[in-house]
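Let's take a walk through this two-chain model, going from the contact between the chains to the sheets and then to a few backbone details. Have the viewer open as you read.

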Protein chains: 2
Amino acid sequence: MAQLRVHNLAVSIDGFATGEGRTVEAPFGHAGGRLMSWFFPTRTFVAMAGHEDEAVGEGARGVDDAFAAATEIGIGAEIMGRGKFGPQTGPWQDHEWQGWWGPEPPFHTPVVVLTHHPRPDLVLGGTTFTFRDLAPAEALALAAELADGRDVRLGGGPTTVRAFLEADLVDLLHVVVVPIVLGRGVRLWDGLEGLEDRFDVETTASPTGVVHQVWTRRR
Amino acid sequence: MAQLRVHNLAVSIDGFATGEGRTVEAPFGHAGGRLMSWFFPTRTFVAMAGHEDEAVGEGARGVDDAFAAATEIGIGAEIMGRGKFGPQTGPWQDHEWQGWWGPEPPFHTPVVVLTHHPRPDLVLGGTTFTFRDLAPAEALALAAELADGRDVRLGGGPTTVRAFLEADLVDLLHVVVVPIVLGRGVRLWDGLEGLEDRFDVETTASPTGVVHQVWTRRR
């Protein structure tokens, strides 16, 4: 049975998974790169970005990378909220915006983008984006079919992850708690009181200062 | 120079340091004992409670106890908000309520209780409670004097800790992040955006599942 997995979802110590004021230049709003600064030096990110960085070389293979790398393994499709695809809201003005990732997005699988506003499929390199207005359970059914026996990644953002957690559809939730107080933005945990009753939780502190927390749904 | 230190302040993963609906029977409201369940088996708590528990004997001496025990060391006075002293609000109806701790409270030092409502000093065993309507800096000045060269513990609750953090008076903040989603109550981190700019942060995961985070003010 295909699992629905969330990986590398960073939250501030005060529970925000993205900042306020998201734009094309600032995908995380006023949070800037601070929520993901543990991720950029990892080998997984360096390989994903497709170039070696002078500062980090091939990238680090420590605790952070061990968790980061898990996001790639056994995934056959991704579901993302529209906010992860782009900062726009409302009907698509045109189809010029093709996501943040350039001509070769790092997914290399079908991606179901949840949006109330229709748009034709978009093929970029090895990735096909399919835009649909679906409830969480329907989206998972479609993505599981597209994944062809492999798992489905739930890519975010926080509002989308929250909706799938509320619907009890998430099998694995990997959050990265970053020791910053963001103060404003989109909260991950709102409306999820008692979530721990449905999950086992394992916690690991990384020498880089972040905490990896793996929530595994009880069976 | 006396330091102002916060120890053993537990917060849920969604940032609440106490629950909703506090009463005499439920000092943490709907959170019950869940925020402090890491603390009860420690040697520090067993010694503080003044009895050995059949289940835990003398108490555990692991990571949680190492952090818990630090709260006792070098402290000459405590400051607490009125909410830590009792669940009542508004003018004191009488002086029958003498705190949660019985005839021998675990402080054994002067304790400054911050309240807008006057009340005479209360001596219980080795502890003297002094009730004052003071701003954070004034409270610290009084407590430092009472501490006679030792440090001052800021005992909580979260609203009080937040006020002292906003006033930049806290030298050390030890928080314990508990992997539960509390959903409602009093948030610790609100209004403290960018707090990390003034602190160095160290994080340790305990095998019991909680995370100890030590925020040390930069000098």
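A salt bridge here is a side-chain nitrogen of Lys or Arg within 4 Å of a carboxyl oxygen of Asp or Glu. By that rule B:D190 pairs up with A:R187, with the closest N and O atoms 3.6 Å apart. Keep in mind that this is a predicted model.

**Where the chains meet**

That pair belongs to the contact between chain B and chain A, where the count comes to six salt bridges. Searching the whole structure, over all chains, gives 24. The interface also has eight residue pairs in polar contact, with both residues at pLDDT 80 or more.

How many residues of chain B are in contact with chain A? There are 27, and they meet 27 residues of chain A. Between them the two chains bury about 2000 Å², and carbon and sulfur atoms give 57% of that area. On the chain B side, the residues that lose the most area to chain A are B:I13, B:V181 and B:E193; together they make up 31% of what that side buries.

Which strands of chain B help build its side of the contact? Both β10 and β11 (211-217) of chain B supply at least two residues each. β10(B) gives the most to that side, with four residues. Sorted by character, the chain B residues that touch chain A split into 13 nonpolar, seven polar and seven charged.

**The sheet of chain B**

Now for the sheet that those strands belong to. In chain B, nine strands make an open sheet with mixed pairing, in the order β5-β6-β4-β3-β7-β1-β8-β11-β10. At its edges are β5 (122-124) and β10 (199-205) of chain B, each pairing on one side only. From one strand to the next, the twist averages 20°.

Helix α4 (residues 136-147) of chain B packs on this sheet, where it touches β1 (4-12), β3, β4, β6 (127-132) and β7 (151-154) of chain B. The direction of α4 makes about 150° with that of β3(B).

Here are some of the pairings in chain B, each with one example of residues that face each other.

| Strands | Sense and bridges | Example pair |
|---|---|---|
| β3(B) and β4(B) | parallel, four bridges | B:G81 and B:L114 |
| β4(B) and β6(B) | parallel, five bridges | B:V113 and B:F131 |
| β5(B) and β6(B) | antiparallel, three bridges | B:L122 and B:F129 |

The antiparallel pair in the table, β5(B) and β6(B), forms a hairpin with two residues between the strands. In that hairpin B:G125 takes a positive phi near 55°.

**The sheet of chain A**

Chain A has an open sheet of nine strands as well, in the order β5-β6-β4-β3-β7-β1-β8-β11-β10, and its pairing is mixed. Why do β5 (122-124) and β10 (199-205) of chain A each have a side without a neighbour in the sheet? They stand at the edges and have a single partner strand each, so one side of each is left open in that sense, without a neighbour in the sheet. The twist in chain A averages 20° from one strand to the next.

Strand β4 (residues 110-114) of chain A runs parallel to β6 (residues 127-132) of chain A, and five bridges join the two. Look for A:P110 opposite A:T128 in β6(A). Helix α4 (residues 136-147) of chain A packs on the sheet and touches β1, β3 (75-81), β4, β6 and β7 of chain A. Its direction makes about 150° with that of β3(A).

A salt bridge also turns up within chain A, between the side chains of A:D151 and A:R5, at 2.9 Å from N to O. It links distant parts of the chain: A:D151 is in strand β7 of chain A and A:R5 is in strand β1 (residues 4-12) of chain A, 146 residues apart.

**Backbone details**

Finally, a few spots to check in the loops. In chain A, a cis peptide bond joins A:G156 and A:G157, with omega about 0°. A:G157 sits in the loop between β7 (151-154) and α5 (158-166) of chain A. In chain B, the peptide bond from B:G156 to B:G157 is cis, with omega near 0°, and B:G157 lies in the loop between β7 and α5 (158-166) of chain B.

One more residue to look at is A:D168, in the loop between α5 and β8 (172-178) of chain A. Its phi is near 55°, a positive value in a residue other than glycine.

Conventions. Residues numbered from 1 in each chain as written. Chains lettered and ligands numbered in written order. Predicted model: local features only at pLDDT ≥ 70, side-chain atom pairs only at ≥ 80, totals over all residues. Heavy atoms only, no water. Pairing = 2+ DSSP bridges. Axes fitted to C-alpha atoms, helices over the stretch in contact; angles between N-to-C directions. Contact = heavy atoms within 4.5 Å. Buried area = accessible area lost by both parts, 1.4 Å probe. Polar contact = N/O pair within 3.5 Å; in protein donor to acceptor, adjacent residues only side chain to side chain. Nonpolar A, V, L, I, M, F, W, Y, C, P; charged D, E, K, R; others polar.
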